Amino acid sequence: MSETSTERMAKIVSLCKRRGFVYPSSEIYGGLNSCYDYGPLGFVLKQTVKDRWMKSMIQENDNIEPLDSSILMHPKIWEASGHIANFSDPMVDCKTCKGRFRADHLDKATCGLKPSKTPLTCGGELTEARSFNLMFKTFMGPLEDQSAVVFLRPETAQGIYVNFLNVMTTARQKIPFGIAQIGKAFRNEITPGNFIFRTREFEQMEMQYFVKPGTDEKEFDRLKEVRRQWHISNGLKESKLRFHAHGPKELAHYARAALDIEYEYPFGWQEIEGIHNRTDFDLKNHEKFSGKKLSVFDEETKSSYVPFIVETSAGCDRTVLTLLVDAYNEEVVTGEDEGPRVVLKFSPQIAPIKASIFPLMKKDGLPERAEKIFESLRKHWRVEQDVSGSIGKRYRRADEIGVPFAITVDTTPDTVTIRERDSMKQVRVSESEIVDYVRKHLEV
Ligand code: ATP
């Protein structure tokens, strides 16, 4: 019988907990719905994703600058951006199972009483759709009155827009240029779920590209492919990625064009990143609400204009989930190392731990040689030593967390065996060449 998407996700969630990628938040208190904590391996994986994203933006482009703006911002920003008026999802309740659902996601939801059905097909009676604003509210200072209301940002983008002139002038940039930012965002989602796919607190990796009106469509087309390639460069299977262009009804209030990069998760095709042509909507509104000019002077035409913005907005947690889902494999090994294995086939660049070093025995100088190899590798990458259990068990442990290279130190002097995770092939490498071997294979 083939595995259901729920079963597959349950296995991934369990591996994440067992091996220290992701834990439920506040677990000893029974957890907090849709909040998660990243454990030692999850932290490194997520950090790797963020580093690769930021590098692909600011190190590989002369005209993209980094920013780290605050989460709490002037409440007028959310009026100007349209979030107070428009950042809501339609919500319905089922009178039969008492479930609460997003009216625009009913086909992806599960009935509370009949899990094999959706709220559309289960026969339950739904209420009229009501609009539900997704922004979290809190108060700044000791008084809890209307004048003290501030919001937890639902996207990092607005912090970029209000700093657009600051960055342009201090970094001496000219249009076209971009601002890249990674940071937390908060949305009071009606139906969070699918593990870290949809949560109420999450991190975004957003790049806002400021362009001259008229060049926006070309940049939109260029950036969508740049972003698809980035996901492929992380090792995601190309066949599991596709574009989904938004039709007029799906377009957000600020967008002229929008396109999702989708991945085929066990629970279906879903967005991993959005590319949006936001026109001059945001900057013009910030001009209107702040009273400050946000235009640039065009030397060619000797006139001023408000730039258009093309946005690339990826979820960091969602990227981590995608990498885990894409890497997860169950195999049956035949021959010497017989038996089932779970293996995370991360690309070596993504793997949180690059190599595991196994001294075959705790004697004959093997632990000392292993220690020396460990010291030489840890200068460059995060690596681990595993000294307990049979070699077969140690391979299984390393496979389960996606370590690409397992280095066994045996009694043959001056050489080790390196076993490659996916092919399970072993090669004998001279001890003095291990660092070069790993480096060469990490660069592929
Ligand atoms: P959806 O339609 O799924 O609610 P969206 O179109 O509102 O998503 P965007 O506003 O375009 O999403 O956000 C950009 C990216 O931020 C998304 O592609 C996703 O990766 C990530 N993201 C958005 N909401 C969440 C969430 N609740 N939890 C985790 N990541 C999220």
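## Domains at a glance

The domain assignment divides the chain into domain 1 (5-77 + 137-324), domain 2 (88-133) and domain 3 (337-442). Please keep in mind as you browse that this is a predicted model. Between the C-alpha centres of domain 2 and domain 3 there is a distance of 50 Å.

## The nonpolar cores

Let us start with the packing. The largest nonpolar core holds 58 residues, and the members with the most contacts inside it are Phe 21, Trp 53, Leu 321, Leu 324 and Phe 346. Helix α9 (residues 316-327) gives the largest share of this core, namely seven residues. Both domain 1 (5-77 + 137-324) and domain 3 (337-442) contribute residues, so the core lies between them.

Leu 324 is a good residue to click on here. Leaving aside residues up to four places away in sequence, Leu 324 touches Ile 12, Cys 16, Phe 21, Leu 45, Leu 344 and Phe 346. There is also a second, separate core, made of 20 residues, which includes Ala 370, Ile 407, Val 409 and Val 416.

## Two helices, α2 and α7

Helix α2 (residues 40-59) has 20 residues, which should span 28 Å at 1.5 Å a residue; the end C-alpha atoms are 27 Å apart, in agreement with that value. The buried residues of α2 are Leu 41, Gly 42, Val 44, Leu 45, Lys 46, Thr 48, Val 49, Lys 50, Trp 53, Met 54, Ser 56 and Met 57. Two of these names have come up already: Trp 53 is among the residues with the most contacts in the largest core, and Leu 45 is one of the residues touched by Leu 324.

Helix α7 (residues 216-233) counts 18 residues and reaches 25 Å from its first C-alpha to its last, close to the expected 26 Å. Its buried residues include charged names such as Asp 216, Glu 219, Arg 227 and Arg 228, alongside Phe 220, Leu 223, Trp 230, His 231 and Ile 232. After α7 comes Gly 235, with a positive phi near 105 degrees.

## Strand β16 and its partners

Strand β16 (residues 308-315) is mostly covered, with eight of its eight residues buried. Which residues lie on each side of β16? Phe 308, Val 310, Thr 312 and Ala 314 are on one side, while Ile 309, Glu 311, Ser 313 and Gly 315 are on the other, and both faces are covered.

Two strands pair with β16. β10 does so in the antiparallel sense over eight bridges, and Tyr 209 stands opposite Val 310. β13 also pairs with β16 in the antiparallel sense, over six bridges; here Glu 273 has Ala 314 as its bridge partner.

## The small sheet of β4, β5 and β6

An open sheet of three strands follows the order β5-β4-β6, and its pairing is antiparallel. β5 (100-102) and β6 (130-133) stand at the edges with a single partner strand each, so one side of each has no neighbour in the sheet. On average, neighbouring strands of this sheet are turned by 45 degrees against each other, direction ignored.

Strand β4 (residues 88-93) and β6 run antiparallel and are joined by four bridges. Within β6, Phe 132 stands opposite Asp 89.

## Backbone details worth checking

If you plan to look at backbone torsions, here are some places to visit. Ile 175 and Pro 176 are joined by a cis peptide bond, with omega about 0 degrees. Pro 176 sits in the loop between α6 (164-170) and β9 (177-186).

Asn 194 has a phi near 55 degrees, a positive value in a residue other than glycine. This residue lies in the loop between β9 and β10 (201-211), and Asn 194 counts as partly exposed at 35% relative accessibility. Thr 279 likewise has a positive phi, near 55 degrees, but Thr 279 is found in strand β13 (residues 268-279). Is Thr 279 buried or exposed? At 12% relative accessibility, Thr 279 counts as buried, since the cut-off for buried is under 20%.

## A pair of serines

Ser 376 belongs to helix α10 (residues 366-378) and is partly exposed, with a relative accessible area of 27%. The C-alpha atoms of Ser 376 and Ser 432 are separated by 9.7 Å, with the two positions 56 residues apart along the chain.

How values were computed: Residues are numbered from 1 along each chain as its sequence is written. This is a predicted model: local features need pLDDT of at least 70, side-chain atom pairs count only at pLDDT 80 or more; totals for chains, interfaces and linings use all residues. Side-chain values use heavy atoms; hydrogens and water are left out. The expected span of a helix is 1.5 Å times one less than its number of residues. Buried means under 20% relative accessible area, exposed over 50%, partly exposed in between (1.4 Å probe, protein chains only). Domain bounds come from an automatic or database domain assignment. A nonpolar core is a set of buried Ala, Val, Leu, Ile, Met, Phe, Trp, Tyr and Cys residues joined through side-chain atoms within 4.5 Å. Contact means heavy atoms within 4.5 Å. Two strands pair if DSSP finds at least two bridges between them. Axes are lines fitted to C-alpha atoms, for helices over the stretch in contact, and angles run from 0 to 180 degrees between N-to-C directions.
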